Amino acid sequence: MRTRVLSFLNQWRGTAKEAFENVSIVAKFLCLLHVTDRYIISSTHVQGPSMLPTLNLTGDVILAEHLSHRFGKIGLGDVVLVRSPRDPNRMVTKRVLGLEGDRLTFSADPLVGDSSVSVVIPKGHVWIQGDNLYASTDSRHFGPIPYSLIEGKALLRVWPPEYFGSLR
Amino acid sequence: MSTRVLSFLNQWRGTAKEAFENVSTVAKFLCLLHVTDRYIISSTHVQGPSMLPTLNLTGDVILAEHLSHRFGKIGLGDVVLVRSPRDPKRMVTKRILGLEGDRLTFSADPLVGDSSVSVVIPKGHVWIQGDNLYASTDSRHFGPIPYSLIEGKALLRVWPPEYFGSLR
C-alpha cells in the first residue's frame, strides 16, 4: 500500500516539475515581451478625430518607440503618446507644439472670433495639440502638461496598409 | 594540426555556452528585481526639509509600494512618491492633501500675512503639499498635479533604526 502511494507521489512530482518549468519559460517570455513593449517599441491602436488628417478617424495601428522621451529627445512637431492629465487611465495621441520656456500664442476658440491667449510654457512642461483644432481637447484646454506624462513617440503607421508609412 | 584547432574550438564552445547560461541567469534575476522594484515594492532614500517633522532632513530610507496608485487607492493624507512636474528626472516625496473635485483654501505665503487663495482641483489631478510649509515647493507653487505623476505610496521607514516604523 505504502509503496503504491510513494510511487504515485513520485510520478506526480515529475509532472509538477515539468509543469513548473513550462510555466517559468512562459513567464520569462512574457517578461521579455513586457519589457520590450514598455521600454523599447510597441504597437498601439489609436482612434478619434483629434489628429485628422494625420491619423484616421476610425483607427490606425502605429508603432511607437519608448526610448526618446527617456533621453530627452522629444522635439517640436513630434507625434507623441501621452497619458491624459484628466484621466490617468487614458492615453492620448497629440503633437508637441511647444517646449519649456517657449511663448505660445493661440486662439482660445477657433470657431469664435479672433481672441488669442499667450502663455509661457513652464519648466518641465510641454504643449501638446491635436492636428484637428476643431475636435481636439489638448493644451489649449488643460494647459501645458508635465514632460513626464509623455510615454512614447510615434514612429510610423502600420495599419491600414494603404496608409503604411510615416505620419505627415 | 587541424584536429588541435578543432579540439581548441570545442573547448571554447563549452566555455562560451556556460558563460552564456550564467549571463542569462543574471539577466533573468535582474529582470525580476526590476519588476519587483517598479511594480510591487521598493526602498527609496529620501532627503530634504520639505517633509519635516515626518521625514528627517538628513535622509531616511523608506519602503514604498507601487500597487495602490494603479488601482486608484491613493487617499487623503497619504505620503506619496511623485515625479516632479518641474523636473522630469526628479522624484519628490509629499503628502496628498486634496483629491479631484475638492475645493482647497491655502495661504499663498505662510510667512507673509493672511492672504489666502482658493482653488478647485480639476479632474484627474491631486494636490500635494510638504508637511513643512515653510520649506516646501509643492502644489501651492505649481498647482495641482496630474494623478499619473504619482509613482508610489510610502509604507514605513526602515532607516535610521531609531525611527523605524510608520510615518506619523
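**Note on a predicted two-chain model**

1. R95(A) stands opposite Q129(A), a residue of β7(A). The strands concerned are β4 (residues 91-98) of chain A and β7(A), which pair in the antiparallel sense over three bridges. The reader should keep in mind from the outset that this is a predicted model.

2. The wider setting of that pairing is an open sheet in chain A. Seven strands make up this sheet, in the order β1-β2-β9-β3-β4-β7-β8, and their pairing is antiparallel. At the edges stand β1 (41-46) and β8 (145-146) of chain A; each has a single partner strand, so one side of each is left without a neighbour in the sheet.

3. Chain B may be read in the same manner. Its open sheet has seven strands, ordered β1-β2-β9-β3-β4-β7-β8, with antiparallel pairing. The edge strands of chain B are β1 (41-46) and β8 (145-146), and each of them pairs on one side only.

4. One pairing in chain B deserves a separate remark. Strand β3 (residues 79-83) of chain B runs antiparallel to strand β4 (residues 91-98) of chain B, and five bridges join the two. Across this pairing, L81(B) stands opposite T93(B), which belongs to β4(B).

5. How many aromatic pairs does the structure hold over all chains? There are two. In chain A, F106(A) and W127(A) form a tilted pair, with 5.0 Å from centre to centre and 50 degrees between the planes. F106(A) belongs to strand β5 (residues 103-107) of chain A and W127(A) to strand β7 (residues 125-129) of chain A, so the pair ties together parts that are 21 residues apart in sequence. Both F106(A) and W127(A) are buried.

6. The other pair is found in chain B. The ring centres of F106(B) and W127(B) are 5.0 Å apart and the planes stand at 50 degrees, so this pair is tilted. An angle counts as tilted when it is neither under 30 degrees, which is stacked, nor over 60, which is edge-to-face. F106(B) lies in strand β5 (residues 103-107) of chain B, and W127(B) in strand β7 (residues 125-129) of chain B, so the pair ties together parts that are 21 residues apart in sequence. F106(B) and W127(B) are both buried.

7. Two residues that follow the last-named strand of chain A call for comment. P160(A) is placed in the segment after β9 of chain A. Is P160(A) buried or exposed? With a relative accessibility of 14%, P160(A) counts as buried, because the cut-off for that class is under 20%. Its C-alpha atom and that of G59(A) are separated by 8.6 Å, although the two residues are 101 residues apart along the chain.

8. G165(A) also has its place in the segment after β9 (150-159) of chain A. The relative accessible area of G165(A) is 15%, and this residue is buried. Between the C-alpha atoms of G165(A) and T93(A) there are 17 Å, and the two residues are 72 residues apart along the chain.

9. The second largest pocket has a volume of about 490 Å³. Which elements each supply at least two residues of its lining? They are α1 (2-39) of chain A and α1 (2-39) of chain B. The greatest contribution comes from α1(A), with ten residues. In total, 16 residues line this pocket, and A27(A), K28(A), C31(A), K28(B) and C31(B) lie nearest its centre. By residue class, the lining of the second largest pocket divides into twelve nonpolar, two polar and two charged.

10. Finally, the record should be set beside the model. In an unreviewed UniProt entry, the annotation "domain: Peptidase S26" covers residues 23-112 and 119-159 of chain A. Residues 23-112 of chain A are 19% helix and 33% strand, with the end C-alpha atoms 60 Å apart. For residues 119-159 of chain A, the figures are 10% helix and 46% strand, and the end C-alpha atoms are 37 Å apart.

11. The UniProt annotation "domain: Peptidase S26", again from an unreviewed entry, covers residues 23-112 and 119-159 of chain B. Over residues 23-112 of chain B there is 19% helix and 33% strand, and 60 Å separate the end C-alpha atoms. The span of residues 119-159 of chain B is 10% helix and 46% strand, and its end C-alpha atoms lie 37 Å apart.

Terms used: Residues numbered from 1 in each chain as written. Chains lettered and ligands numbered in written order. Predicted model: local features only at pLDDT ≥ 70, side-chain atom pairs only at ≥ 80, totals over all residues. Heavy atoms only, no water. 1 Å grid on protein atoms, 1.4 Å probe; cavity = no way out; pocket = protein on both sides within 12 Å on 5 of 7 lines; lining within 4 Å. Points joined across faces, edges and corners; volume = space filled by probe spheres on them. Helix = DSSP H or I, 4+ residues; strand = E, 2+ residues; numbered from the N terminus. Nonpolar A, V, L, I, M, F, W, Y, C, P; charged D, E, K, R; others polar. Phe/Tyr/Trp six-rings, centres within 6.5 Å; stacked < 30°, edge-to-face > 60°. Buried < 20%, exposed > 50% of the residue type's maximum accessible area, 1.4 Å probe, protein only. UniProt positions renumbered as here; feature names shortened; annotations may be inferred. Pairing = 2+ DSSP bridges.
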